[in-house]
Amino acid sequence: MLRKISVVAAAFLSVITTHAQKNRNSQLERPKLVVGLVVDQMRWDYLYRFYNKYGNEGFKRLLNTGYSLNNVHIPYIPTVTALGHACIYTGSVPAIHGIAGNDWTDKETGKNVYCTTDESVRPVGTQNVKVGSHSPKNLWSTTVTDELRLATNFQGKVVGVSLKDRASILPAGHTPNGAYWFDDSSGNFITSTWYMNDLPQWLKSFNALNLPDKLVANGWNTLLPISQYTESAPDNSSWEGLLGSAKTPTFPYSNLAADYQAKKDNIRYTPFGNTLTLKLAEAAVEGEKLGGDDVVDMLAVNLASTDYAGHKFGPNSIEVEDVYLRLDQDLAQFFSYLDTKVGKGKYTVFLSADHGGAHSVGFLQEHKITTGFFGDGIEAAMNLKLKEKFGVDKLINGVDNYQIYFDRKLLKENKLVLDEVRDFTVQEIENDPNDLYAVSVTKVQEATIPEPLKQRIINGINRQRSGDIQLISHDSMLPPYAKTGTTHSVWNSYDSHIPLIFMGWGIRHGASDKPYHMTDIAPTVSSLLKIQFPSGNVGNPITEVTEK
């Protein structure tokens with residue numbers, strides 16, 4: 001009798017164990033960690049221009065084991081840092097998410113507004129109020145990082161890191177465990193009281209290492225013999241800018257350590273800014289125990305030195321090529337760290353860019369490609385014509401993001417109709433053969449301009465924050481401040497065509513030339529994690545990256 005009971009009990013226990021095992025097996029599966037890598041000002045073609053000099057464990061690991069989308073474009077203008085990071089993480093566009101530029105002009109006061117400045121918060125980790133008083137309050141839409149926090153009842157952790165305030169703050173969203181950026185006045189990473197009242201101990205310890213001093217101690221020379229940089233123009237090209245105290249834009253930059261001590265932002269223009277950022281990312285993984293349990297976490301990393309170097313030296317400089325070759329090594333080391341710390345195959349990475357960058361005007365001129373400078377003196381010239389027409393001076397009170405802003409107060413005081421002033425201005429600008437298009441933001445749909453420009457203007461115009469007229473330049477025309485190096489902002493492929501690669505947990509290997517948009521990144525990550533799309537999302541999941 002006792003044996004029969006034991007047999008029945010054993011069978012019962014077996015059923016319970018099997019049922020429990022099935023329940024465990026049926027639990028929602030997610031990666032331990034999602035890492036978003038946004039390489040600032042990375043043109044899509046950098047993946048292949050420098051391919052033969054990359055190692056096997058950085059960019060090539062992404063390409064050879066992940067899924068590469070080769071036809072991804074930014075669906076709005078202007079193509080600048082704040083908008084790119086906001087778009088990647090919200091799946092939305094400036095018309096909806098509220099970030100109208102890195103800066104914009106307040107229509108009522110005429111004052112400049114910086115995208116993340118917040119005078120209601122205080123700096124943490126620095127005494128510099130201007131550097132530290134920042135938050136995501138101007139971002140109207142939720143981010144995929146916000147949605148992860150909401151979906152996990154705030155158990156999943158989120159951290160954003162960058163040299164730039166906006167590139168840390170906007171990706172991390174409204175509810176992160178921390179967002180950290182570099183303070184040029186101290187050489188430390190800091191935050192604001194939006195997030196916390198004191199730096200976490202792990203960041204204090206990281207800052208105490210004085211890693212920037214160590215990274216620049218030996219100056220900056222090329223990683224490879226300089227003769228091997230055959231993908232770039234000769235060193236000391238006339239269209240390159242100068243770094244620090246250097247008299248010429250040439251390697252080696254032997255005085256970098258002293259230049260850094262004199263002005264700490266000099267590290268931003270070198271590959272060591274990226275190294276520093278990825279080391280901070282590793283410290284955040286350690287300090288916050290990201291990927292350390294069964295609740296998925298997210299780490300948003302912006303690699304900004306590629307942008308600073310691009311602005312300073314231009315895409316065809318040896319300096320920019322060296323920044324990418326060294327970034328390739330840094331990525332390899334970072335992936336190796338994640339393999340060890342989180343577990344190979346247990347985390348998901350996506351790599352993209354916030355925008356690209358144009359070739360330098362001087363470089364294009366050397367090769368007889370049509371180029372030049374656009375918009376020089378346009379505000380003063382148009383204000384003069386407006387005064388002649390309407391009898392009021394300085395009706396234009398700002399030109400930001402290739403957009404013209406009219407002074408609302410002056411219009412009201414002089415009983416002028418905005419549409420009449422705007423229409424006259426458009427006509428005057430379009431009489432100039434140096435301008436491709438000038439479009440009233442209220443008449444984009446009826447304007448005789450081709451797609452995709454029309455839709456990109458609509459997507460990029462925020463009704464409350466953007467300007468009154470959108471200017472479109474001819475191809476390869478740069479603003480006058482970019483006499484050396486380069487810049488970005490326009491719809492053309494060199495600014496809008498960005499890389500996008502997914503790798504790791506839940507991602508298949510392959511590549512695609514199908515057309516996608518930057519807005520598709522956030523819903524793809526959301527779908528992978530089985531969480532709600534961000535509130536202002538207009539993109540669609542890229543299902544082919546996860547299909548088995």
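Helix 18, in this predicted model, covers residues 418-430, a run of 13 residues. From its first C-alpha to its last, helix 18 reaches 18 Å, close to the 18 Å expected at 1.5 Å a residue.

Which residues of helix 18 are buried? They are Val 421, Arg 422, Phe 424, Thr 425, Val 426 and Ile 429. In general, an α-helix has 3.6 residues a turn, so residues three or four places apart point the same way. The buried residues of helix 18 pack against two helices and three strands by name: helix 16 (378-390) and helix 17 (408-413), together with strand 13 (403-406), strand 14 (435-440) and strand 15 (469-473).

I turn now to the nonpolar cores. The largest has 121 residues, and Leu 37, Phe 59 and Leu 299 have the most contacts inside it. Helix 14 (residues 318-343) supplies the largest share of this core, with 12 residues. A second core, separate from that one, has 28 residues, among them Ala 358, Phe 390, Ala 438 and Met 477.

Let us consider Phe 59 in particular. Beyond its neighbours within four places in sequence, Phe 59 is in contact with Met 42, Leu 47, Tyr 54, Tyr 324, Leu 327, Asp 328, Leu 331 and Leu 351.

Finally, the cysteines. A search of the whole structure finds zero disulfides. Why is Cys 87 not bonded to Cys 115? The sulfur of Cys 115 is the closest cysteine sulfur to that of Cys 87, yet it lies 15 Å away, too far for a bond. Cys 87 is buried, at 0% relative accessibility, and Cys 115 is also buried, with a relative accessible area of 1%.

Terms used
Residues numbered from 1 in each chain as written. Predicted model: local features only at pLDDT ≥ 70, side-chain atom pairs only at ≥ 80, totals over all residues. Heavy atoms only, no water. Core = buried A, V, L, I, M, F, W, Y, C linked by side-chain atoms within 4.5 Å. Buried < 20%, exposed > 50% of the residue type's maximum accessible area, 1.4 Å probe, protein only. Helix = DSSP H or I, 4+ residues; strand = E, 2+ residues; numbered from the N terminus. Contact = heavy atoms within 4.5 Å. Disulfide = S-S within 2.5 Å. Expected span 1.5 Å × (residues − 1).
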